[in-house]
Amino acid sequence: MSVAGVVVVHEQVPQLARCLAALVPQVQELVVVENLGGTIVQGVRVIANERPVGFAANANRGVAETSAPFVVVCNPDTEAAPDAVAVLRDFAGRHPRAGIVGPELRHADGTLNPSRRRFPTVGGTLVRRTPLRRALGRTQRAHYGLDEEPTAPVEADWLLGAFLLLRREMLDELGGFDEGFRLYGEDIDLAYRAAKVGWERWYVPQAKVVHAHQAVTDRRLLTRRTWWHWRGIARFVRKHPERLRAL
């Protein structure tokens, strides 16, 4: 089973070359979709937008430009271990309802970047995205799954969109990512819609990926990305109002 790679680039990222070098031997198709214009990568197809669009729209465009039954959609600040894509693909091949499969993510310093998460609640979101997190942050351990570190594949509510293997059949059924999300929330929404129609979401820690994540919205409360995050939250709640009742 072949795998396509789609790398979404919104700004200059020094890790891009390492990201692509790691993916080239692991995928059968590879495209870079970018908002910048002028990016040239030797031996890799680059699709440049006429105007900047969000992550969801860029990911969908990359998926549409490829044909493999599985697609890795990832950020340019990720670097996959040499067997990471094969591990995810082989797992998905053994689980025909696995629509979203994600690896273990670690920061560049080797610490865990928790990517297996619970679907959001209103209370939990208010803690994470306001100054309350400084006082009540420990209450969010369950959301991030910090009290356990699985060594075998486990199902998840949703998985961080930094590096995901997606089944094309699922994307076709769902209509891909919702392009109404500018940045943040599109990965949660995709997983939530997938869950509603019976597609499984799996965390496979045997697949290893380094994620040089800047975590801007975690370190600073008021940025342009904070606004995008809150817009994403609002859109998710409008689409799925039943989450207002979730505890």
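Which residues of helix 2 are buried? Select helix 2, residues 55-64, to find out. The buried ones are Phe-55, Ala-56, Ala-57, Asn-58, Ala-59, Asn-60, Gly-62 and Val-63, which makes eight of 10 and leaves the helix mostly covered. Here buried means under 20% relative accessible area, exposed means over 50%, and partly exposed lies in between, with a 1.4 Å probe and protein chains only.

Before we move on, note that this is a predicted model, in which local features need pLDDT of at least 70 and side-chain atom pairs count only at pLDDT 80 or more, while totals for chains, interfaces and linings use all residues. Residues are numbered from 1 along each chain as its sequence is written, and side-chain values use heavy atoms, with hydrogens and water left out.

**Stop 1: the whole chain**

Zoom out and colour by secondary structure. You should find 10 helices and 11 strands; these are DSSP runs numbered from the N terminus, helices being H or I with at least four residues and strands being E with at least two. Of the 247 residues, 53% are buried. The accessible surface is about 11,800 Å², and carbon and sulfur atoms own 53% of that surface; the areas come from the Shrake-Rupley method with a 1.4 Å probe, and for residues only the protein chains shown count as cover. Now think about contacts, meaning heavy atoms within 4.5 Å. Among those between residues at least 6 apart in sequence, 78% join residues at least 24 apart.

**Stop 2: around helix 2**

Go back to helix 2 and show what surrounds it. Its buried residues pack against strand 1, strand 2 (29-34), strand 4 (70-74), helix 7 and helix 8.

**Stop 3: the nonpolar core**

Next, select Val-7, Leu-23, Ile-100, Val-101, Phe-163, Leu-166 and Met-170. Of the 66 residues in the largest nonpolar core, these touch the most other members. Such a core is a set of buried Ala, Val, Leu, Ile, Met, Phe, Trp, Tyr and Cys residues joined through side-chain atoms within 4.5 Å. Strand 1 (residues 3-9) gives the most to this core, with six residues. In soluble globular proteins, nonpolar side chains tend to be buried together.

Centre on Val-7 and ignore its neighbours within four places in sequence. Its remaining contacts include Leu-16, Leu-20 and Leu-23, as well as Val-31, Val-33, Cys-74 and Pro-76.

**Stop 4: strand 6 and its partners**

Select strand 6, residues 98-106. Eight of its nine residues are buried, so the strand is mostly covered by the cut-off given above. Strand 6 pairs with strand 11 in the parallel sense over eight bridges; two strands pair if DSSP finds at least two bridges between them. To follow the register, pick Ala-98, whose bridge partner in strand 11 is Glu-200, and then Ile-100, which stands opposite Arg-201.

Which strand runs antiparallel to strand 6? Strand 10 (residues 163-167) does, joined to strand 6 by two bridges. There, Val-101 has Leu-165 as its bridge partner.

Now make strand 11 (residues 200-211) the centre of the view. Strand 5 (residues 78-80) is antiparallel to strand 11, with three bridges, and Ala-80 stands opposite Val-209. Strand 8 (residues 154-155) also runs antiparallel to strand 11, through two bridges; look for Glu-155 across from its bridge partner, Trp-202.

**Stop 5: salt bridges**

Finally, display the charged side chains. A salt bridge here is a side-chain nitrogen of Lys or Arg within 4 Å of a carboxyl oxygen of Asp or Glu. By this rule, the count comes to 11.

Start with Glu-149 and Arg-106, whose side chains meet at 2.7 Å, N to O. They are 43 residues apart: Glu-149 sits in the loop between helix 6 (141-144) and strand 8, and Arg-106 in strand 6. Glu-149 is partly exposed at 45% relative accessible area, and Arg-106 is partly exposed at 23%.

Move to Lys-239 and Asp-178, which meet at 2.9 Å, N to O. Lys-239 belongs to helix 10 (residues 224-239), and Asp-178, 61 residues apart from it, to the loop between helix 7 (168-174) and helix 8 (186-196). Is Asp-178 buried or exposed? Asp-178 is buried at 12% relative accessibility, whereas Lys-239 is partly exposed at 32%.

Your last pair is Lys-196 and Glu-242, with closest N and O atoms 3.3 Å apart. Lys-196 is in helix 8 and Glu-242 in the segment after helix 10, 46 residues apart. To finish, select Asp-178, Asp-189, Arg-193, Arg-235 and Lys-239 together: salt bridges that share partners join them into one network.
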